[in-house]
Amino acid sequence: MSLRLSTVILPYRRWNEGGRSAWTRAEQLGFHTAYTYDHLSWRTFRDGPWFGAVPTLTAAAGVTDRLRLGTLVTSPNFRHPVTLAKELISLDDISGGRVTLGIGAGGSGFDATALGQEPWTPRERADRFAEFVPLLDRLLSEDAVSYEGDFYSAHEARNIPGCVQRPRLPFAVAATGPRGMRLAARFGQAWVTTGDPKLYENGTPEQSIQAIRGQAERLDDICAEVGRDMTDLDRILLTGFTPDRVAPLQSLNAFVDFAGRHAELGFTEIVIHWPIPDSPFAVDQKVFEQIAMEAPAQLR
């Protein structure tokens, strides 16, 4: 299988002031999928413009025809499975079945306290995620769902007519620990990683490769445990959070080398951030577009 190249477009620009043009250009450049973050605010962007993921993706669906669209990632931090399912079914319908749900356990950032709650511990996030994903799977696959769990409930929740994609839209499950990886193996059509966060500040690219290799091997073992064909699970690397940072986007050759090394680990999709000036994702737009247009042919 050829390595797919996708992008993630942060929702920080007004739609008519550069927001729309990024999504249409992503389709023109031939990206497989264009994702966006599903946060209420994020890191250094907190005090500037930031728009909602689902409305942004809905607008993007209206100005594109072939480009797949998705979140990278949605989390339980401020989402409930019942309301999220309704929004996703609507988005899948509007886009003609072009939506992928990237989903993760969430973190301790601004989303964790925006609703007035105390931030959950890593264990609490994992517990909620373990309930969130199976319930969302049912809500997107069944016409009516009732459920009473430790964290989430649904009472005769109706989701008719369901997703355009059958039996439901695909899940790309972000996980580095064994509990999350089991959810990816059981419910995911893809697994997502950003690498080992402990290596971001002081690690080396080679250490990152070794850590990601270890993650991929653990996923293989878990797939075997649950009876999942590991070749049936796509593997997605969201770049920008390894020690390489934006170095792979400095030239076409640098990116082809970076992507090729990860393809050897079994990755089927590489996601690169749309350039944002004066940010951790500041790269040359012309080089970025050259990578988008020329790298996929070199990675077949």
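**Exercise 1. Find the place of Val73 and describe the peptide bond that leads into this residue.**

Start with the place: Val73 belongs to strand β3. This is a predicted model, so keep in mind that we're reading a prediction. Next, look at the bond from Leu72 to Val73: the peptide bond is cis, with omega near 0°. How does that fit with peptide bonds at large? Most peptide bonds are trans. Finally, follow Val73 into the next topic: Val73 is among the residues closest to the centre of the largest pocket.

**Exercise 2. Work out the volume and the lining of the largest pocket.**

Step one is the volume, which comes to about 1,400 Å³. Step two is the lining: 38 residues make it up, and those closest to the centre are Val73, Ala105, Gly106, Gly107 and Thr194. Step three asks which elements give two or more residues to this lining; they are β3 (68-74), α4 (122-141), α5 (178-187) and β8 (190-193). Of the elements, α4 contributes the most, with 5 residues. Step four sorts the lining by class: you get 19 nonpolar, 15 polar and 4 charged residues.

**Exercise 3. Do the same for the second largest pocket.**

Begin with the volume again, which is about 170 Å³ here. There are 14 lining residues, and Arg4, Thr100, Pro170, Gln189 and Asp234 are the closest to the centre. Now check the elements: β2 (33-36), β7 (171-174) and β9 (234-238) each give two or more residues to the lining. Sorting by class gives 6 nonpolar, 4 polar and 4 charged residues.

**Exercise 4. In which order do the strands of the barrel follow one another, and how are they paired?**

Trace the strands one by one. The barrel closes with 8 strands, in the order β1-β2-β3-β4-β7-β8-β9-β10, and the pairing is parallel. From one strand to the next, the twist averages 25°. Then zoom in on one pair: β7 and β8 run parallel and are joined by 3 bridges. For a spot to look at on screen, find Val173, which stands opposite Trp191 in β8.

**Exercise 5. How many cavities of 30 Å³ or more does the structure hold, and which residues line the largest cavity?**

Here's the idea behind the search: rolling a probe the size of a water molecule over the atoms shows where empty space is left. The count is 1 cavity of 30 Å³ or more. The largest cavity has a volume of about 40 Å³. Around it you'll find Thr239, Gly240, Arg245, Val246, Leu249, Ile272, His273 and Phe281. By class, that lining splits into 4 nonpolar, 3 polar and 1 charged.

**Exercise 6. Pick out the aromatic cluster and the arginines that sit over rings.**

First count the pairs: there are 11 aromatic pairs. Then gather one cluster, made of Tyr12, Tyr37, Trp42, Phe45, Trp50, Phe241 and Phe281. Phe281 is one you've met before, as part of the lining of the largest cavity. Now for the charges over rings. Arg46 lies over the face of Phe110, 3.9 Å from the ring centre. Arg245, another of the residues lining the largest cavity, has its charged end over the ring of Tyr200, at 4.1 Å from the centre.

**Exercise 7. What is unusual in the backbone at Pro167 and Glu156?**

Take Pro167 to begin with. Pro167 lies in the loop between β6 (153-158) and β7, and a cis peptide bond with omega about 0° joins Arg166 to Pro167. Move on to Glu156, in strand β6. The phi of Glu156 is near 45°, a positive value in a residue other than glycine. To see why both deserve a look, recall the general pattern: most residues other than glycine have a negative phi, and most peptide bonds are trans.

Conventions:
Residues are numbered from 1 along each chain as its sequence is written. This is a predicted model: local features need pLDDT of at least 70, side-chain atom pairs count only at pLDDT 80 or more; totals for chains, interfaces and linings use all residues. Side-chain values use heavy atoms; hydrogens and water are left out. On a 1 Å grid over the protein atoms alone, a cavity is a set of points where a 1.4 Å probe fits but cannot get out, and a pocket is an open set with protein on both sides within 12 Å along at least five of seven lines; lining residues have an atom within 4 Å of a point. Grid points are joined across faces, edges and corners, and a volume is the space filled by probe spheres set on the points. Helices (H or I, at least four residues) and strands (E, at least two) are DSSP runs, numbered from the N terminus. Ala, Val, Leu, Ile, Met, Phe, Trp, Tyr, Cys and Pro count as nonpolar, Asp, Glu, Lys and Arg as charged, and the others, Gly among them, as polar. Rings of Phe, Tyr and Trp (its six-membered ring) pair if their centres lie within 6.5 Å; planes under 30 degrees apart count as stacked, over 60 as edge-to-face and the rest as tilted. A charge sits over a ring if NZ of Lys or CZ of Arg is within 6 Å of the ring centre and within 35 degrees of the ring normal. Two strands pair if DSSP finds at least two bridges between them. Axes are lines fitted to C-alpha atoms, for helices over the stretch in contact, and angles run from 0 to 180 degrees between N-to-C directions.
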